[in-house]
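Here is a friendly walk through one chain, with its pocket, its sheet and one glycine as stops along the way. Please keep the viewer open while you read.

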Amino acid sequence: MYNKIYVKIKNFFKNNYKFLIVLCTLIFLFYYEFPYIIYKSGGTINLDSRIIIDKKYKQDGTLSMSYVTAMKGTLPFILLSYVIPDWDLKSIDKVSNGSDYEETLEIGKTYLREGIDNAIIAAFNESDYDITITKDIYKVIYLSESSNTDVKIGDEILSINDKKVNNVEEIKEYINTLNENDKVILNVRNNDKDYKRYAFIYKEKDDSLKLGLAFNTTYEYITEIPVEVKMKNNESGSSGGLMMSLAIYNALTSDDITKGLNIVGTGSINSDGTVEEIGGVKYKVLAAEKKHADIFFCPEKNYKEAVNVKKKRNLDVEIVKVSSLKDAINYLNNKKI
């Protein structure tokens, strides 16, 4: 019996080996990930259900953030990127700064946490409610090629040579009191565990002393009214900060600034409410148009590109440039419906 089965299988492969080779090759090519990423317009996220606040006021319109869709560089998507005008092919080395997938994911999550914290702080500062920052948290988001260290992406820096870290400027000042090739010991926290790391000081071409680490800042704080921003595990980055802050502010305010409009936007935000330039504004404008947005808020430095996309595609959406959260609030307050 087994011999008959073996013979049938053998004959099948013998008679169909060319077909099977082609099939396996196609499967490999269709699923193998080449070192590229394809960017295209994504969609929008309505923030009404994402902002959880006690005493939340009702709004008639919508406040949404737009996002970019990034697809893995498999052969079908790479080929389609040469045909579809809004699909852009990028080398993974140019978008990851040399970080591997896990590091890139960790960096994106850290930026998201920073964006949420800044959005909450900026919104409360514009509202009638109080917020008190109790702690600044500094996490490593980048290691330069010149660094000589065992510090990991995502490490929270607690102290350097047993000197407590209060802010990034203090780190820079302290490093400049040391010498080239000095070894410093860093106490860090990562995933709720404490570690000791090392880093050697090196000298840049301008003679400044460096560790080769870059940080971003998140916060611990107390708000007069509890607030929570819900995000999904596959979401990352800080470019939704402006719209999150605007949605939080509107939830805290009795006057509905949306005025029944479908408002979409993008832009990272600092804790003082300033709005910073972001990447991929083309895709985000197109996403806003797909959702029939009335208004698209974008950072001032992205305005020219956003307007060019609107003109080129003849889009029916109003592009509004803002340099701060206050600009967006004032624009909506003064808009005539």
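In the residue classes used here, Ala, Val, Leu, Ile, Met, Phe, Trp, Tyr, Cys and Pro count as nonpolar, Asp, Glu, Lys and Arg as charged, and the others, Gly among them, as polar. By those classes, the lining of the second largest pocket has 10 nonpolar, four polar and three charged residues.

A word on the basis of all this: the model is predicted, so local features need pLDDT of at least 70 and side-chain atom pairs count only at pLDDT 80 or more, while totals for chains, interfaces and linings use all residues. Residues are numbered from 1 along each chain as its sequence is written, and side-chain values use heavy atoms, with hydrogens and water left out.

**The pocket**

A pocket is an open set of points on a 1 Å grid over the protein atoms alone, where a 1.4 Å probe fits and protein lies on both sides within 12 Å along at least five of seven lines; lining residues have an atom within 4 Å of a point. The second largest pocket holds about 330 Å³ of space, the volume being the space filled by probe spheres set on the points, which are joined across faces, edges and corners. Of its 17 lining residues, K172, K210, L211, L213 and F215 are the closest to the centre. Two or more lining residues come from each of α5 (168–175), β12 (209–210) and β13 (213–223). The largest share, four residues, belongs to α5. Helices (H or I, at least four residues) and strands (E, at least two) are DSSP runs, numbered from the N terminus.

**The chain and its sheet**

The chain has nine helices and 19 strands, and its C-alpha atoms fill a box of roughly 80 × 60 × 45 Å along the principal axes. Of its 337 residues, 44% are buried, meaning under 20% relative accessible area with a 1.4 Å probe and protein chains only.

Six strands form an open sheet in the order β4-β1-β3-β15-β18-β19, with mixed pairing; two strands pair if DSSP finds at least two bridges between them. β4 (88–91) and β19 (318–322) are at the edges with a single partner strand each, so one side of each has no neighbour in the sheet. From one strand to the next, the twist averages 35°.

Strand β1 (residues 36–46) runs antiparallel to β4, joined by four bridges, and pairs with β3 in the antiparallel sense over eight bridges. Eight of the 11 residues of β1 are buried. Some opposite residues are listed here.

| Residue | Opposite residue | Strand of the opposite residue |
|---|---|---|
| Y36 | S91 | β4 |
| I37 | K90 | β4 |
| K40 | T69 | β3 |

Two helices lie across the sheet strands. Helix α6 (residues 241–252) crosses β3 (62–72), β15 (262–265), β18 (295–299) and β19, at about 155° to β3. Helix α9 (residues 325–334) lies across β15, β18 and β19, at about 155° to β18. Axes are lines fitted to C-alpha atoms, for helices over the stretch in contact, and angles run from 0 to 180 degrees between N-to-C directions.

**A glycine before α6**

Where is G240 found? G240 sits in the loop between β14 (227–229) and α6. G240 is buried, with a relative accessible area of 7%. Leaving aside residues up to four places away in sequence, G240 touches M65 and G267, where contact means heavy atoms within 4.5 Å. The C-alpha atoms of G240 and I278 are 9.7 Å apart, with their positions 38 residues apart along the chain.

Terms used
Buried < 20%, exposed > 50% of the residue type's maximum accessible area, 1.4 Å probe, protein only.
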